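Work through these short exercises on charged and polar side chains. Try each task before reading its solution.

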Amino acid sequence: MAGKEDGGFMEKLIVRPTRITPLIYFDPNRGLLELRGKSSPENSIQFYSQLIGDLEEFGQNCTQNLIANFKFEYFNTSSSKCLFDIFRKLNLVKEKGFKLSINWYYEEDDEDMLEAGEDYADLLGIEFNYVETQFD
C-alpha cells in the first residue's frame with residue numbers, strides 16, 4: 001500500500017451516491033475531484049469529514065494541478081458549510097503554486113444554484129467556471 005514515504009501517493013476516495021448524499025469521487029493521483037447529486041445528509045460534518053481531511057493532505061503535499069467538478073441538484077444549509085470548508089482546502093492547491101480549476105454546474109433555470117456558486121467564489125476569492133447543464 002502506498003504511503004507518503006514512497007512518493008506521496010494517496011488512495012482514491014469514492015463514496016456512492018444515495019437519495020440524500022452525493023457521489024464523491026476524489027482521485028488525488030489524477031488531480032480530479034467530483035461531487036454530484038443531492039446533499040442533505042443527517043450529519044454533513046461527519047459525511048464530508050474524510051473528504052475534507054484528504055483534501056487538506058493533498059493541498060499540503062500536492063505536486064500537481066487539480067480539477068474540481070461540482071454538480072449539485074440540491075444541498076442543504078449544513079452541507080453548504082462543509083462545501084465552504086472544501087473550497088478552503090482546495091485553495092491550498094493554488095497557494096502551492098498549482099493550477100486549480102473549479103467547475104460549478106447548474107441547470108439553466110436554477111438561479112439559486114448559480115448564485116450559490118457565485119457566493120462561494122466571492123467569499124473565498126477563487127475563480128469558478130460556471131457551466132450550464134441538464135441533470136439526468
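Glu34, Arg36 and Lys71 are linked in a network of salt bridges. A salt bridge here is a side-chain nitrogen of Lys or Arg within 4 Å of a carboxyl oxygen of Asp or Glu. This is a predicted model: local features need pLDDT of at least 70, side-chain atom pairs count only at pLDDT 80 or more, and totals for chains, interfaces and linings use all residues. Residues are numbered from 1 along each chain as its sequence is written, and side-chain values use heavy atoms, leaving out hydrogens and water.

**Exercise 1.** Find the distance between the closest N and O atoms of Arg36 and Glu34, then class each residue as buried or exposed.

Step 1: the closest N and O atoms are 2.5 Å apart.
Step 2: apply the cut-offs: buried is under 20% relative accessible area, exposed over 50%, partly exposed in between (1.4 Å probe, protein chains only).
Step 3: Glu34, at 12%, is buried. Arg36, at 37%, is partly exposed.

**Exercise 2.** Which parts does the Lys38–Glu73 salt bridge tie together?

Step 1: the side chains meet at 3.9 Å, N to O.
Step 2: Lys38 lies in strand β3 (residues 32-39) and Glu73 in strand β4, so the pair ties together parts 35 residues apart in sequence. Strands are DSSP runs (E, at least two residues), numbered from the N terminus.

**Exercise 3.** Place Asn69 and find its polar partner.

Step 1: Asn69 is in strand β4 (residues 66-75).
Step 2: Asn69 is buried, because its relative accessibility is 9%.
Step 3: its side chain joins that of Glu34 in a polar contact of 3.5 Å. Such a contact is a pair of N or O atoms within 3.5 Å; within protein, one must be able to donate a hydrogen and the other to accept it, and residues adjacent in sequence count only if both atoms are side-chain atoms.

Technical notes:
Helix = DSSP H or I, 4+ residues; strand = E, 2+ residues; numbered from the N terminus.
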